[in-house]
Amino acid sequence: GAGAVGVAAQPTEPVLVLGSDLIYCREVVRPLFGTVAGLLLGGAADRSNGDTTPRASPAVMVMAQSFAYDDETEDEIDACCREMGLERRTVAEGGDGNPASGDAAGGGNVKIQIFRPVVPL
């Protein structure tokens, strides 16, 4: 309950957004990253006082994928990041060691990326 000892206050904005295998076609990229940008930049469109100024937060999105995206999808992700003020960084990439995953090298194209706001705090 309110004021309970030892209960941490809930953050007013998300701190961590996790996603895995979210993108199966290029058409979902823009709606997905529109939602992600809204969460990571403080939900400017949802403020009741009419303020639509983006606010950076320490929030990040970690996204994993188990297969390679086509070039058009990769380009769309990059375009969304540029337009929406997000930085995209790949932190891990390679095969998953499972020949059933389907690439010629005997493993899938596992990739883990971090997206964060580039708007100054």
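Select Arg-26 and Glu-27 to begin: the two form a salt bridge in which the closest N and O atoms are 3.5 Å apart, a salt bridge being a side-chain nitrogen of Lys or Arg within 4 Å of a carboxyl oxygen of Asp or Glu. Arg-26 is partly exposed, at a relative accessible area of 36%, while Glu-27 counts as exposed at 52%; buried here means under 20% relative accessible area, exposed over 50%, and partly exposed in between, with a 1.4 Å probe and protein chains only.

Before moving on, please keep in mind that this is a predicted model, in which local features need pLDDT of at least 70 and side-chain atom pairs count only at pLDDT 80 or more, whereas totals for chains, interfaces and linings use all residues. Residues are numbered from 1 along each chain as its sequence is written, and side-chain values use heavy atoms, with hydrogens and water left out.

Next, select Arg-30 and Glu-83, whose side chains meet in a salt bridge at 2.7 Å, N to O. Arg-30 lies in helix H1 (residues 29-40) and Glu-83 in helix H2, so the pair ties together parts that are 53 residues apart in sequence; helices (H or I, at least four residues) and strands (E, at least two) are DSSP runs numbered from the N terminus. Of these two residues, Arg-30 is partly exposed at 32% relative accessibility and Glu-83 is exposed at 54%.

Now show helix H2 as a whole, residues 71-84, which lies across S2, S3 and S4 and runs at about 145° to S3; axes are lines fitted to C-alpha atoms, for helices over the stretch in contact, and angles run from 0 to 180 degrees between N-to-C directions. Among the buried residues of H2 are Thr-73, Ile-77, Cys-80 and Met-84, and what covers the buried residues of this helix includes H1, S2, S3 and S4, contact meaning heavy atoms within 4.5 Å. Just after H2 comes Gly-85, whose phi is positive, near 75°.

Which cysteine sulfur is nearest to that of Cys-80? The structure holds zero disulfides, a disulfide being a pair of cysteine sulfur atoms within 2.5 Å, and the nearest cysteine sulfur to Cys-80 is that of Cys-81, 7.0 Å away, which is too far for a bond. Cys-80 is buried at 0% relative accessibility, and Cys-81 is buried at 4%.

Stay on H2 and add Arg-88 to a selection of Glu-74: their side chains meet in a salt bridge at 2.4 Å, N to O. This pair links distant parts of the chain, with Glu-74 in helix H2 and Arg-88 in strand S3, 14 residues apart. Glu-74 is buried at 17%, whereas Arg-88 is partly exposed at 22%. Extending the selection to Asp-78, Glu-93 and Lys-111 shows a network of salt bridges that links these residues with Glu-74 and Arg-88; a search of the whole structure finds eight salt bridges.

Finally, display the strands, four of which form an open sheet of mixed pairing in the order S1-S2-S4-S3, where two strands pair if DSSP finds at least two bridges between them. Strand S1 (16-20) and strand S3 (86-94) stand at the edges with a single partner strand each, so one side of each is left without a neighbour in the sheet. On average, neighbouring strands of this sheet are turned by 15° against each other, direction ignored. Within the sheet, strand S2 (residues 60-65) and strand S4 (residues 110-117) pair in the antiparallel sense over five bridges, and selecting Ala-64 leads to its bridge partner in S4, Ile-112.
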